[in-house]
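Here are some short exercises to work through with the coordinates open. Try each task yourself before reading its solution.

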Amino acid sequence: MREVAELLAALPTELWIGGEQAPALAESTFPVHNPATGEVLIEVADAAAADGARALDAAAVAQSGWAATPSRVRAEILRRAWELVIARRDDFAMLMTLEMGKPLAESQGEVDYGAEFLRWFAEEAVRVHGRYTHSPSGNGRILVTKQPVGPVLAITPWNFPLAMGTRKIAPALAAGCTMVVKPAAETPLTMLLLGQVFADAGLPPGVLAILPTADAAPLTDPLFADDRLRKVTFTGSTGVGKILLAQSATRVLRASMELGGNAPFVVFADADIDAAVDGAMAAKMRNTGEACTAANRFHVDNAVRAEFTAKLTERMRALKVGPGHLDGVQVGPLISEKQRGTVTELVRDATEKGALVATGGARIAGEGYFFEPTVLTEVPAEARILREEVFGPVAAITGFDGEAEGIIAADNTEFGLAAYIYTTDLDRALRVAEALECGMVGVNRGVISDVAAPFGGVKESGLGREAGTEGIEEYLETKYIALP
Ligand code: ADP
C-alpha cells in the first residue's frame, strides 16, 4: 500500500525532547510490529536512562514558565492541537490500525475520542477555581488556591494509543504541568505523531517529552528517584501499577493509577434482551476485548439465559475477523502472540473445568495474532476466566437467580472498574448501580467512556479519576494561605 509507505516514511521516529526530534543518546532503536502480520513496520528511537534525564531536565526548566503562562494561552495551544489531530484524522487512524490492529472504523472513533480530551481540557484550563472565606473562629481569613503539581511522568498502555495519552497530557498541560510520556513499546507511533502535532501547535520547548523504549524500567526507575519529578500517572495492569506505587512511595510522589478491570455484565430477568445483546457486543468486542472496561463476565438471570446466549452466539459467529485496514472487518488481531497465548490458556482452563464452547474457542491459523470470537457457556465459578482480565474476544456466560444473587456475583472480584447492568426497572437500575463496588456503571449501555465523565476504579482497579471536571484535579495541588 503506497499511502502506508508514505505515512511511515514521513513519521517522526526519534524522541521528542525540548520540542524537537532527537535520536537516543546511545543511537539505539527498536522495531514496531504490525499485529495483523507479525511484520516489522518501522524502527523508532529507544530511550534509555540518559535520555530520560535529558527530558526531565527540559521539563524541570520549562515548569515555572509553563505554570506562569496564562491559562488562556495554554488553552489555545491545546485547542490548536485538537484541530491538528482532527485535520490528520486519517493518518492517526491508519497508524493506530497498523501498530495496534484495531479495525479502521474503531481507530477513527478513537481519533475523535482521543482528540476530544485536548478540546475538553482546553475548556477546563480557564476554569480552575480557588476559595476565599472567613474562619468560623473569627480569627482570620482563608484563601485556597490551586497550583500545578509540577513535572509529571506518564506511562501509557498499547490498547488505546492516542486516547490513553491525551487523557493524561491534556489535563496536565491545562493545569500548567510539564510532562514526560513513555508510551507502550507496542504502540509508540501514535504518540510520536502527537509530538509533531504539539510542536506544530506552538507548545513551548520542554513542556512535553515523548520517550518510546523497548525496556521501560531502566528508563523510568531513575525518573522516580529524581527529586524534580512530582507525580506519576499510569494506565496499565494492576501488577505493574503495584510496582509503580511502591516506587512512588520512596519519594511520596502523587500517583494516579488506572489499572485492570474485570467488568461484570449483568442481565436481569426484566431486561430488554435484544438491547442487552447489542450492549454486550459493544462492551465485549470493542477493541477486540482489549480494554480495561471490557465486559469480562456475563452474569445472566437463569430466566432469560437461554435466549440471551442464543442471540449473543449468533451475533458473535457472524463477526468478520481480519486485518483492520480491510473494508468490513469488525474484529482485528490481538496485540501479540503472548496475549493470544493468555486468551488461549483462559479458554482451555474454563473448558477443562466444564465450560461449553457455543462458538469459536480457538486461535485462527495463518499470519497475525487472530483469535475466534468466542462464547463460553455453563462457565463454572472456579474458572480463571471469571477472575482474571481476558483482554480478548471471549464472552464467558454464567447464570444466577434473582437480584441479590446478581449483585453478589458481580462484586465477586478484587477489581472495581466498570460494571454493566441491563434492566427495564428504573428502581432496580438505581438500587443495583448504587450497590455495586466499582467506579463506573453502565445502565442499559454497552459503552460508557465519555470525555465529560470521571473515569476510574475502586479496589485494585486504581486510584484517581481521569477526564470530566475531576480529571484536571489530579494535576493540581491545593494551597491554603492564612490571612489576618
Ligand atoms: P500490558 O500487560 O497490557 O502490556 P503493562 O502494565 O505491562 O500492561 O504495561 C503498561 C505500560 O507500563 C507500558 O507502557 C509498559 O511499557 C509499562 N511498564 C511495564 N512494566 C514497567 C515497569 N516495571 N516500570 C515502568 N513501566 C513499566
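**Exercise 1: the ligand site**

A polar side-chain atom of S237 lies 2.6 Å from an oxygen atom of the ligand. This is a predicted model.

Task: find which residues are closest to the ligand, and how much of the ligand the protein buries.

Solution:
- Begin with the surroundings: 14 residues surround the ligand, and the closest are T156, W158, K182, T220 and S237.
- Next, look at K182, which places a polar side-chain atom 3.0 Å from a ligand oxygen atom.
- T156 uses its backbone instead: an N or O atom there lies 2.7 Å from an oxygen atom of the ligand.
- Finally, take the area: the ligand alone exposes 550 Å², and the protein buries 75% of that.

**Exercise 2: an annotated glutamate**

Task: locate E258 and decide whether it is buried or exposed.

Solution:
- An unreviewed UniProt entry lists E258 under "active site".
- In the model, E258 lies in strand β11, residues 254-258.
- Its relative accessibility is 3%, and buried means under 20%, so E258 counts as buried.
- Setting aside residues up to four places away in sequence, E258 touches several others, including R167, F234, L417 and R465.

**Exercise 3: a loop threonine**

Task: work out which residues T413 contacts beyond its sequence neighbours.

Solution:
- Place T413 in the loop between α13 (403-411) and β17 (418-422).
- With a relative accessible area of 13%, T413 is buried.
- Beyond four places in sequence, T413 is in contact with N262, R297 and K459.
- With N262 there is a side-chain to side-chain polar contact of 3.5 Å.
- K459 is 46 residues from T413 along the chain, and their C-alpha atoms are separated by 9.2 Å.

Terms used:
Residues are numbered from 1 along each chain as its sequence is written. This is a predicted model: local features need pLDDT of at least 70, side-chain atom pairs count only at pLDDT 80 or more; totals for chains, interfaces and linings use all residues. Side-chain values use heavy atoms; hydrogens and water are left out. UniProt positions are given in the numbering used here, feature names are shortened, and annotations may be inferred rather than shown by experiment. Helices (H or I, at least four residues) and strands (E, at least two) are DSSP runs, numbered from the N terminus. Buried means under 20% relative accessible area, exposed over 50%, partly exposed in between (1.4 Å probe, protein chains only). Contact means heavy atoms within 4.5 Å. A polar contact is a pair of N or O atoms within 3.5 Å; within protein, one must be able to donate a hydrogen and the other to accept it, and residues adjacent in sequence count only if both atoms are side-chain atoms. A residue is near a molecule or strand if one of its heavy atoms lies within 4 Å of it. Accessible areas come from the Shrake-Rupley method with a 1.4 Å probe; for residues, only the protein chains shown count as cover.
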